[in-house]
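This report introduces a protein chain to a reader who has not met it before. Please keep the sequence and the model in view while reading.

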Amino acid sequence: MTIGAPAGAAQFMALSAVLFSLGLYGALSRKSAVMVLMSLELMANAVNLNLVSLSRFTDPAAMTGQYFAVFSMVVSAAEIGLGLALVLAIYRQKKTIELEAMEELKG
């Protein structure tokens with residue numbers, strides 16, 4: 001790839017894979033619930049990038065990837081809102097947001 005040339009589908013998919021991998025690493029390695037939620041959001045945005053780029057390079061007139069990405073963003077926003085509400089409620093009881101302190105949630 002030359003500098004200044006437009007990026008192709010492979011470059012977008014590689015970027016999406018890197019972002020998803022970073023999010024997966026963060027979700028599995030972090031001990032803070034807020035950091036895990038942020039990592040999950042990074043993974044969701046990697047999927048959105050993949051949806052939009054694949055739609056752009058396969059059938060740009062249909063815009064199905066963009067519609068799925070907007071739907072995914074709405075679901076993701078609801079998920080993060082609910083997750084932050086749970087973290088806030090747990091923080092009010094336990095005074096910590098560390099995942100190791102949440103043993104009662106394991107069932």
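Ser 55 is a suitable place to begin: its relative accessibility is 5%, under the 20% limit, and therefore it counts as buried. This serine belongs to helix 2. When neighbours within four places in sequence are set aside, Ser 55 is in contact with Pro 60, Met 63, Thr 64, Gly 65 and Gln 66. One of these partners, Gly 65, is itself among the buried residues of helix 3.

The coordinates described here come from a predicted model. The protein chain has a mean pLDDT of 89, and 99% of its residues reach 70 or more. Among its elements, helix 1 (residues 9–29) has the highest mean pLDDT, at 95, while helix 3 (residues 64–94) has the lowest, at 91.

**Helix 3 and its packing**

Helix 3 is made of 31 residues. From its first C-alpha to its last it reaches 44 Å, close to the 45 Å expected at 1.5 Å a residue. Its buried residues are Gly 65, Ala 69, Ser 76, Ile 80, Gly 83, Val 87 and Ile 90, and the buried residues of this helix pack against helix 2. In an α-helix there are 3.6 residues a turn, so residues three or four places apart point the same way.

**The nonpolar core and the pocket**

The largest nonpolar core has six residues, namely Ala 33, Leu 37, Ile 80, Val 87, Ile 90 and Met 102. Helix 2 (33–58) and helix 3 are the elements that give two or more residues to this core. Which helix gives the most to the core? Helix 3 does, with three residues. Val 87, a member of the core, is in contact with Ala 33, Val 34, Leu 37 and Ile 97 once its neighbours within four places in sequence are left aside.

The largest pocket holds about 220 Å³ of space. Its lining consists of Ala 33, Val 36, Leu 37, Leu 40, Gly 83, Leu 86, Val 87, Ile 90, Leu 99, Met 102 and Leu 105. At least two residues of this lining come from helix 2, and at least two from helix 3.

**Residues compared by exposure**

The table sets out four residues with their places and relative accessibility.

| Residue | Place | Relative accessibility |
|---|---|---|
| Ser 55 | helix 2 | 5%, buried |
| Leu 19 | helix 1 | 24%, partly exposed |
| Met 63 | loop between helix 2 and helix 3 | 36%, partly exposed |
| Lys 95 | segment after helix 3 | 60%, exposed |

Two of these residues have a positive phi. Met 63 takes a value of about 60 degrees although it is not a glycine. Lys 95, also a residue other than glycine, has a phi near 65 degrees and stands just after helix 3. Lys 95 counts as exposed because its relative accessibility of 60% is over the 50% limit.

Leu 19 offers a view of helix 1. Apart from its neighbours within four places in sequence, it is in contact with Leu 42, Ala 46 and Leu 49. How far apart in space are Leu 19 and Met 102? They are 28 Å apart, C-alpha to C-alpha, and are separated by 83 residues in sequence. Met 102 appears both in the largest nonpolar core and in the lining of the largest pocket.

Conventions: Residues numbered from 1 in each chain as written. Predicted model: local features only at pLDDT ≥ 70, side-chain atom pairs only at ≥ 80, totals over all residues. Heavy atoms only, no water. pLDDT = per-residue confidence, 0-100. Helix = DSSP H or I, 4+ residues; strand = E, 2+ residues; numbered from the N terminus. Core = buried A, V, L, I, M, F, W, Y, C linked by side-chain atoms within 4.5 Å. Buried < 20%, exposed > 50% of the residue type's maximum accessible area, 1.4 Å probe, protein only. Contact = heavy atoms within 4.5 Å. Expected span 1.5 Å × (residues − 1). 1 Å grid on protein atoms, 1.4 Å probe; cavity = no way out; pocket = protein on both sides within 12 Å on 5 of 7 lines; lining within 4 Å. Points joined across faces, edges and corners; volume = space filled by probe spheres on them.
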